[in-house]
Amino acid sequence: MDHFSTDRLTAERLNEDHLTDLVALHLDAEVSRYLGGVRAPEVTKTYLATNMAHWDEHGFGLWTLRSKDGAFAGRAGIRHILVDDVDEIEIAYAFKREFWGQGFASEIASALTDIGLSQLALPSLIGIVYVENSASRRVLEKSHYLLERSTNRHGEDVVIYRIRRDWKASAAARSGA
């Protein structure tokens, strides 16, 4: 699935042509605050290569995001990540500041969750969020992810949210439907 669209975004499989946009995104201190900090261009180049290799190995990964008018909006994806020595599959997203507060993160989180659980038939997905990133926590909660636990990653306190493929059936059973 190299491309997909939501109501307001188009997604394209990450490739070399996206380096300039990613460098600009990762150099923005506000955007990078919850991504481990500002990344030098060389670090972003390595990040790009690593994430393109993820596609080759797993058949899914990161996409670049564009608004319907073609403007670069950010990046998002589904990828393997090691968390406390366990191989997990996370959804991740980062948007340029001018796209904040307009529901784009919720829109892409919903799309990624559907792709991961329905199309890829993954058993579960996680979201890793810095404890103080309340906006991203709300995005995951609105997307039916449940707070699973707290941990520390790279010296930062984070929380792990999870959604399982059977969440709809579980929700219906809990509600008596």
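Reader: Which residue in S4 stands opposite Thr64?

Author: Thr64 stands opposite Arg75 in S4. Please note that this is a predicted model.

Reader: How many bridges join S3 to S4, and in which sense do the strands run?

Author: Strands S3 and S4, the latter spanning residues 72-83, run antiparallel and are joined by five bridges. Another pair of partners is Leu65 and Gly74, with Gly74 in S4.

Reader: What lies between S3 and S4?

Author: The two strands form a hairpin, with four residues between them. In that turn, Gly70 has a positive phi of about 95 degrees.

Reader: Which strand pairs with S3 besides that one, and how many bridges are there?

Author: Strand S2, residues 9-13, pairs with S3 in the antiparallel sense over five bridges. Within this pairing, Arg13 stands opposite Trp63 in S3.

Reader: How many residues of S3 are buried?

Author: Five of the six residues of S3, which covers 62-67, are buried, so this strand is mostly covered.

Reader: And how many in S4?

Author: In S4, ten of the twelve residues are buried, and that strand too is mostly covered.

Reader: How many bridges does S4 have with S5?

Author: S4 and S5 pair over ten bridges, in the antiparallel sense. One example is Gly77, whose bridge partner in S5 is Ala92. These strands also make a hairpin, with two residues between them. In that hairpin, Asp84 takes a positive phi near 50 degrees.

Reader: Let me change topic. Which residues of H5 are buried?

Author: Helix H5 comprises residues 134-142, and its buried residues are Ser136, Arg137, Val139 and Leu140. They lie on the same side of H5, because they cover an arc of only 155 degrees around the axis.

Reader: What do those buried residues pack against?

Author: They pack against four strands and a helix, namely S5 (86-95), S6 (124-130), S7 (146-153), S8 (156-164) and helix H4 (104-119).

Reader: What comes just after H5?

Author: His144 comes just after H5, in the loop between H5 and S7. Its phi is positive, about 75 degrees, although His144 is not a glycine.

Reader: Is His144 buried or partly exposed?

Author: His144 is partly exposed, since its relative accessible area is 42%.

Reader: Which residue between H4 and S6 should I look at for its backbone?

Author: Ala121 is in the loop between H4 and S6. It has a positive phi near 55 degrees, and it is a residue other than glycine. Ala121 counts as partly exposed, because its relative accessibility is 40%.

Reader: Now the largest pocket. How much space lies in it?

Author: About 1100 Å³ of space lies in the largest pocket.

Reader: How many residues line it, and which are nearest its centre?

Author: The lining has 41 residues. Those nearest the centre are Tyr34, Leu35, Tyr93, Asn133 and Ser136. By kind, the lining divides into 21 nonpolar, ten polar and ten charged residues.

Reader: Which element gives the largest share of the lining?

Author: Helix H5 does, with seven residues. At least two lining residues each come from helix H2 (29-32), S4, S5, H4, S6, H5 and S8. Ser136 appears here again: it is buried in H5, and it is among the residues nearest the pocket centre.

Reader: Where does Leu35 lie?

Author: Leu35 lies in the loop between H2 and helix H3, the latter being residues 41-58. With a relative accessibility of 23%, Leu35 counts as partly exposed, because buried means under 20%.

Reader: What does Leu35 touch?

Author: Not counting residues up to four places away in sequence, Leu35 touches Arg75, Ala94 and Tyr130. Arg75 is the residue of S4 that stands opposite Thr64.

Reader: One last residue: where is Thr44, and is it buried or exposed?

Author: Thr44 is in helix H3. Thr44 counts as buried, because its relative accessibility is 0%.

Reader: Which residues is Thr44 in contact with?

Author: Leaving aside neighbours within four places in sequence, Thr44 is in contact with Leu19, Leu22, Val23, His26 and Arg39. As for Leu25, it is 19 residues from Thr44 along the chain, and their C-alpha atoms are separated by 9.6 Å.

Note on methods:
Residues numbered from 1 in each chain as written. Predicted model: local features only at pLDDT ≥ 70, side-chain atom pairs only at ≥ 80, totals over all residues. Heavy atoms only, no water. Buried < 20%, exposed > 50% of the residue type's maximum accessible area, 1.4 Å probe, protein only. Arc of directions from axis to C-beta. Contact = heavy atoms within 4.5 Å. Pairing = 2+ DSSP bridges. 1 Å grid on protein atoms, 1.4 Å probe; cavity = no way out; pocket = protein on both sides within 12 Å on 5 of 7 lines; lining within 4 Å. Points joined across faces, edges and corners; volume = space filled by probe spheres on them. Nonpolar A, V, L, I, M, F, W, Y, C, P; charged D, E, K, R; others polar.
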